[in-house]
Amino acid sequence: DGYSGRNSAAALASLNKCLTYGKPKKIVWLMGMNDADGNGVNASWMSVYNSLTEICEKNKIELILATVPNVPVRNHTYKNEIIRNSGMRYIDVCNAVGADDDANWFAGLLGGDKVHPSTIGSVAIANYIANNLPEIM
């Protein structure tokens, strides 16, 4: 449910409500842009990540994570390191836009607000997800 401005804690609350109605086989978790890292991983995001992994283990749900691209005003390096080293399947959205190590996205993919993808950036991310998570189609 990607509501604009939503942080991971709010998304987890929605997920918990949804899980009262049914249990999916997989959860693709594309959250974290609004949980910027500081001098270390964002504490709220980390707490949600721990809760989310527990929920998925308990309910035998495959959790598929996604990296969070750095942008000029938000750093996500620490959470991306956790995602990449988690041993879980993940979608490398950073790679899709060219923001592997810094906030310099491929030309034209970052929107004018310097946080959200441009229209073509959104298409690039969607295509990357479809190519790396083919069962979504």
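1. Let me start with the pair Asp 92 and Arg 84, whose side chains meet in a salt bridge with an N to O distance of 2.9 Å. Please keep in mind that this is a predicted model. The two partners fall into separate accessibility classes: Asp 92 has a relative accessible area of 14% and is buried, while Arg 84, with 28%, is partly exposed.

2. Next comes Arg 89, which forms a salt bridge with Glu 135; their closest N and O atoms are 2.6 Å apart. This pair links distant parts of the chain, with Arg 89 in the loop between H3 and strand S3 (90-91) and Glu 135 in the segment after helix H5 (119-132), 46 residues apart. Arg 89 is partly exposed, its relative accessible area being 31%. Glu 135 is partly exposed too, with a value of 39%.

3. You may want to view that pair in a wider setting. Arg 89 and Glu 135 belong to a network of salt bridges that also links Lys 26 and Glu 62. Over the whole structure, a search finds six salt bridges.

4. Another of these bridges deserves its own point. The side chains of Lys 79 and Asp 37 meet in a salt bridge, 3.0 Å from N to O. Lys 79 belongs to helix H3 (residues 77-84) and Asp 37 to the loop between strand S1 (26-29) and H2, so the pair ties together parts that are 42 residues apart in sequence. Are these two partners buried or exposed? Lys 79 counts as buried because its relative accessibility is 0%, and the cut-off for buried is under 20%. Asp 37, at 8% relative accessibility, counts as buried as well.

5. Lys 79 has a second partner to look at. Its charged end sits over the ring of Trp 45, 6.0 Å from the ring centre. Trp 45 thus brings us to the aromatic residues.

6. How many aromatic pairs does the count give? The count comes to one aromatic pair. In that pair, the ring centres of Trp 45 and Tyr 49 are 5.3 Å apart and the ring planes are at 15°, so the rings are stacked; planes under 30 degrees apart count as stacked. Both residues lie in helix H2 (residues 43-58), four residues apart, which is about one turn of the helix. Trp 45 and Tyr 49 are both buried.

7. On to the nonpolar interior. The largest nonpolar core has 18 residues, and Ile 91, Val 97 and Trp 105 touch the most other members. Strand S2 (62-66), helix H4 (93-97) and H5 are the elements that give two or more residues to this core. A second core, separate from that one, has 17 residues, including Ile 27, Met 31, Cys 56 and Leu 65.

8. Trp 105 is worth a closer look in your viewer. Leaving aside residues up to four places away in sequence, Trp 105 touches Pro 69, Asn 70, Val 71, Val 97, Gly 98, Ala 99, Leu 110 and Pro 117.

9. One of those contacts, Gly 98, lies in the loop between H4 and H5. With residues up to four places away in sequence again left out, Gly 98 touches Asn 104, Trp 105 and Phe 106. For a sense of scale, the C-alpha atoms of Gly 98 and Asn 50 are separated by 28 Å, and these residues are 48 apart along the chain.

Definitions and conventions: Residues numbered from 1 in each chain as written. Predicted model: local features only at pLDDT ≥ 70, side-chain atom pairs only at ≥ 80, totals over all residues. Heavy atoms only, no water. Phe/Tyr/Trp six-rings, centres within 6.5 Å; stacked < 30°, edge-to-face > 60°. Buried < 20%, exposed > 50% of the residue type's maximum accessible area, 1.4 Å probe, protein only. Lys NZ or Arg CZ within 6 Å of the ring centre and 35° of its normal. Salt bridge = Lys/Arg side-chain N within 4 Å of Asp/Glu carboxyl O. Core = buried A, V, L, I, M, F, W, Y, C linked by side-chain atoms within 4.5 Å. Contact = heavy atoms within 4.5 Å.
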